[in-house]
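User: I'm new to this one. Could you walk me through it and tell me what the labels rest on?

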Amino acid sequence: MNDSVAWRHITPKVEAINHRIRELEWEPARRNNFVAYTPEVGTPYVHLDGERFLMMSGYGYVGLNGDPRVLEAAKAAVDTYGTGTPGVRALAGTVPLHEELEGEIAKFFGREGALVFSSGYAANVGTIGALVGAGDTIFLDKLDHASIVDGAQLSGAKLTRFRHNDPKHLDSRLAAADKSGTLLVIVDSVYSMDGDIAPLPELREVCDRHGALLMVDEAHALGTIGATGRGIEEHFNYEVKADIKVGTLSKAVPSNGGYLCGSEAFLQYLKRLARPFLFSAALNPAAVGAALETIRILDREPWRVTHAQTESARFRSIVQEAGFDTGLSQTAVVPLIVGSDENAWDFATASRKAGVIGLPVMTPAVEKGRARLRIAITAAHSKDDVDAGAEAFITAARQLRLIGG
Ligand SMILES: Cc1ncc(COP(=O)(O)O)c(C=O)c1O
């Protein structure tokens, strides 16, 4: 490593990270991060070094990655618009397909309009930065996604955290807050590492009482909750609404990009103030075409949502019965919590040897002692896949004595 004076504070940090990687991955068979699996497109299987594995930790909740209709739409978009966009959206970057996608997203969610960003991360950072700044206060659930935390920190607003899914604690935080500026509460609709759902009606009530805006990040809610996969408002039977709704086109939707739903007037404001929207190239045509076709298919094929919901509930009950701690999971995201980081790493390695990929999530992404394999059940998983996956995880965990039996 570079030992020049200029690098002296950075070199020890680089070495510490590399040391930790060597501790976990002392042989190639123990590699669990950055492994370049080749997907068997259209199925939940992947390939590595001539072997075939069942992927149980991917996204694609509605099973449309590789669907011929989505592939065709992406190809048609490239044929019509090329592989890149000639600029940022405000200048030469907007093509008709962007506006078509925004219209379709707004229609799907029953909102006046939508705006597409280059990622879900950019949608969060851009929206938060355009909404609040110095003199305002943001209230984040303790388990909110990193893109929300980063957006909040960059915004310059005062940042306050409240206990996970605890509207009473939010209430006390809001009661103590300086009310002279905007109060913005932000939650994930479905928590990405735990698979539980935000208590929207209670949060709405607390926000209304204190005059606070409520923003939801639907990254893991689109396609997974609500009878037709329309997310948290549908999940709670449209009893209440969020003020601001942000999501991604990279989880249920097998593409890239992020979106925000809102009124036309608010979208005009964001188009001029959301910096990651304003200063980053427009989403590329293939991604837009794939996302547009996926939203249309999802609208016509709600069985995809039902299938993933039914199979994730079945998977959860099989693994719970075998003694796994699945935390607070209520959705397609099912953590298999096994304690230390080393346990999770060993468990992932043993599962792959059994033919199934479950990827480890460790500190600092989750609390110390709560490391896990983060399993995601999708509409691409058949009942047999789910049974085979559960059995492989159970066998691997028993061998390692992570569960009894
Ligand atoms: C809750 C949540 N929000 C936002 C994002 C960012 O989405 P994208 O991958 O589109 O940047 C993620 C991605 O992991 C997420 O889990």
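**Two domains and what lies between them**

Analyst: Sure. The protein chain splits into domain 1 (24-55 + 302-399) and domain 2 (68-300), with bounds that come from an automatic or database domain assignment. This is a predicted model, where local features need pLDDT of at least 70 and side-chain atom pairs count only at pLDDT 80 or more, while totals for chains, interfaces and linings use all residues. Residues are numbered from 1 along each chain as its sequence is written, and side-chain values use heavy atoms, with hydrogens and water left out.

User: How do you know that domain 1 and domain 2 are in contact?

Analyst: Contact means heavy atoms within 4.5 Å. By that rule, 16 residues of domain 1 are in contact with 22 residues of domain 2. Their C-alpha centres lie 27 Å apart.

User: What makes up the area that domain 1 and domain 2 bury between them?

Analyst: Buried area is the accessible area (1.4 Å probe) that two parts lose on being put together, summed over both. Here that comes to about 1500 Å², with 57% of it on carbon and sulfur atoms. On the domain 1 side, Pro302, Val305 and Thr331 supply 32% of the area buried against domain 2, more than any other three residues.

User: Why is the pairing of Asp194 and Arg372 called a salt bridge?

Analyst: The term asks for a side-chain nitrogen of Lys or Arg within 4 Å of a carboxyl oxygen of Asp or Glu. The side chains of Asp194 and Arg372 meet at 3.0 Å, N to O, so the pair fits the rule. The count between domain 1 and domain 2 is one salt bridge.

User: Which elements supply at least two residues each to the side of domain 1 that touches domain 2?

Analyst: Those are helix H13 (303-321), strand E11 (333-339) and strand E14 (371-376). Helices (H or I, at least four residues) and strands (E, at least two) are DSSP runs, numbered from the N terminus. H13 gives the largest share, four residues.

User: What makes Phe34 worth pointing out?

Analyst: Phe34 has a positive phi of about 55° although it is not a glycine. You'll find Phe34 in the loop between helix H1 (11-24) and strand E1 (38-39).

User: And which residues does a cis peptide bond join?

Analyst: Thr363 and Pro364, with omega at about 5°. Pro364 sits in the loop between strand E13 (360-361) and E14.
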